[in-house]
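Good morning, and thank you for joining this group meeting. I would ask you to look at the structure on the screen while I describe it.

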Amino acid sequence: MLEVVLSSVGSAALVAAVLWLGRTWIKERLTASIRLDTERDLAKLKSDLDRASQRIKDLALAGTSANAQVEGALLEHRISAVNRVWESVLSWHTVSAATMMVSVLSDDWLKENASHPGTKSTFEQLLKNTDHLNFMKKQNETELVRPFLSEQIWALYAAYHSFLSARLVKASLLAIPGIDHAEALSRFNERDLVQKSAPSEIFAAYDKNPYVGTEPYLRYLREEMLMQFREFLSGERAGNLAVQDAAKILHAAEDLAAKSSATSSKAQHEKNA
C-alpha cells in the first residue's frame with residue numbers, strides 16, 4: 001500500500017513538473033514569437049518612416065530649388081523696378097523751381113492774388129522749359145513696375161510722387177487764366193499726406209512752414225526708400241505693422257493724387273469752355 005502511495009505521489013509530481021515545464025516552454029515560445037513579430041513590425045515601420053522622411057526631404061529640396069529659380073528670375077525685374085523708381089524720384093529735380101514756388105504761397109495770398117496776371121506770367125515762365133505734361137505722363141508710367149515692389153516701397157514712392165505731382169498741378173493751374181484759382185487750389189490737402197507719412201517732428205516743421213518743411217519731408221521719404229530698397233533686395237520681409245503703415249500712407253497718397261487729377265481736368269475743361 002505504501003509503495004502504491006509513493007508511486008502515485010511520484011507520478012503526480014512528475015506530471016506536475018511536466019506540466020510546469022510545458023507551460024514555461026509555451027510561455028517562452030509565445031514571448032519569443034511576439035518579440036520576433038514586434039521587431040519585424042518595428043523594422044517595417046522604421047523603413048516606412050525612413051522612406052517617408054526621404055520623400056519629404058526630396059519634396060522640400062524640390063520646393064526650395066523651384067523657389068530659388070523663381071526668386072532668381074524675379075530678382076532682375078526687382079532690380080529694374082528699384083532703378084525705375086529711383087530715376088523717377090531724382091527726375092523731380094527738373095521741376096523743383098515750380099514745385100517749391102508753390103509752397104511759398106500762403107492760402108491768404110492765393111485768395112487775393114491767384115488770378116492776378118502777374119501770377120500767371122510767373123508760373124508760365126517757371127513751366128516754360130519743363131514740358132510738364134509729358135513729364136507727368138512719363139512719371140505716371142512708373143506704376144508699371146509696382147507688381148515687382150513691396151508695399152512699403154510703393155507707399156513711400158506714392159507719397160513722394162503724389163506730393164510733388166499735386167505741387168506741379170497747382171503750378172500749372174496758376175498758369176491757366178479764366179478759372180477760380182483759389183477755389184481749385186483749396187481742394188488739395190497735402191497736409192494730410194505729410195501727417196500720415198512722416199514722423200511727428202517732420203510734420204510739425206512742415207505744418208509751421210510748408211516751404212521750410214518741404215525738403216526735410218522729401219529727404220525723409222528718400223532715405224526711407226533707400227533703406228527699403230536694401231532690405232527688399234536682400235530678401236528681408238516687413239512685419240504686419242509696416243504693412244499697415246504702408247496701407248495708410250498709400251491711401252493718403254492716392255487720395256491726394258485723385259483730387260489733383262480731378263481738379264486739373266476740371267480746370268482744363270473750364271479753360272476750353
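I shall begin with the overall layout, then turn to one helix, one loop residue and one cavity.

Please keep in mind throughout that this is a predicted model. The secondary structure of the protein consists of 11 helices and 0 strands. Read from the N terminus, the order of elements is accordingly α-α-α-α-α-α-α-α-α-α-α. The protein has 273 residues, and 32% of them are buried. Among contacts with a separation of 6 or more, 80% are between residues 24 or more positions apart.

Let us now consider helix H10, which covers residues 210-234. What span should its 25 residues have, at 1.5 Å a residue? The expected value is 36 Å, and the end C-alpha atoms are indeed 36 Å apart, so the two agree.

Both ends of H10 deserve a remark. At the N-terminal end, asparagine 209 acts as a cap: one of its side-chain oxygens lies 3.1 Å from the backbone nitrogen of tyrosine 211. After the helix comes glycine 235, which has a positive phi, near 95°. Along H10 itself, the buried residues include Gly213, Thr214, Tyr217 and Leu218. Arg222 and Gln228 are also among the buried residues of this helix, as are Phe229 and Phe232.

My next subject is threonine 142, located in the loop between helix H5 (132-140) and helix H6 (151-174). Is threonine 142 buried or exposed? Its relative accessibility is 0%, and therefore threonine 142 counts as buried. Leaving aside residues up to four places away in sequence, threonine 142 touches Arg84, Val85, Ser88, Trp154 and Tyr157. With tyrosine 157, threonine 142 also forms a side-chain polar contact of 3.5 Å.

Finally, I come to the empty space inside the model. Rolling a probe the size of a water molecule over the atoms shows where such space is left. How many cavities of 30 Å³ or more does a search of the whole structure find? The search finds 2.

I shall describe the second largest cavity, which holds about 30 Å³ of space. Its lining is formed by Asn189, Asp192, Ala252, Asp255, Leu256 and Lys259. Helix H11 (residues 240-272) supplies the largest share of that lining, with 4 residues. By character, the lining residues divide into 3 charged, 2 nonpolar and 1 polar.

That concludes my presentation, and I thank you for your attention.

Key
Residues numbered from 1 in each chain as written. Predicted model: local features only at pLDDT ≥ 70, side-chain atom pairs only at ≥ 80, totals over all residues. Heavy atoms only, no water. Helix = DSSP H or I, 4+ residues; strand = E, 2+ residues; numbered from the N terminus. Expected span 1.5 Å × (residues − 1). Buried < 20%, exposed > 50% of the residue type's maximum accessible area, 1.4 Å probe, protein only. Polar contact = N/O pair within 3.5 Å; in protein donor to acceptor, adjacent residues only side chain to side chain. 1 Å grid on protein atoms, 1.4 Å probe; cavity = no way out; pocket = protein on both sides within 12 Å on 5 of 7 lines; lining within 4 Å. Points joined across faces, edges and corners; volume = space filled by probe spheres on them. Nonpolar A, V, L, I, M, F, W, Y, C, P; charged D, E, K, R; others polar. Contact = heavy atoms within 4.5 Å.
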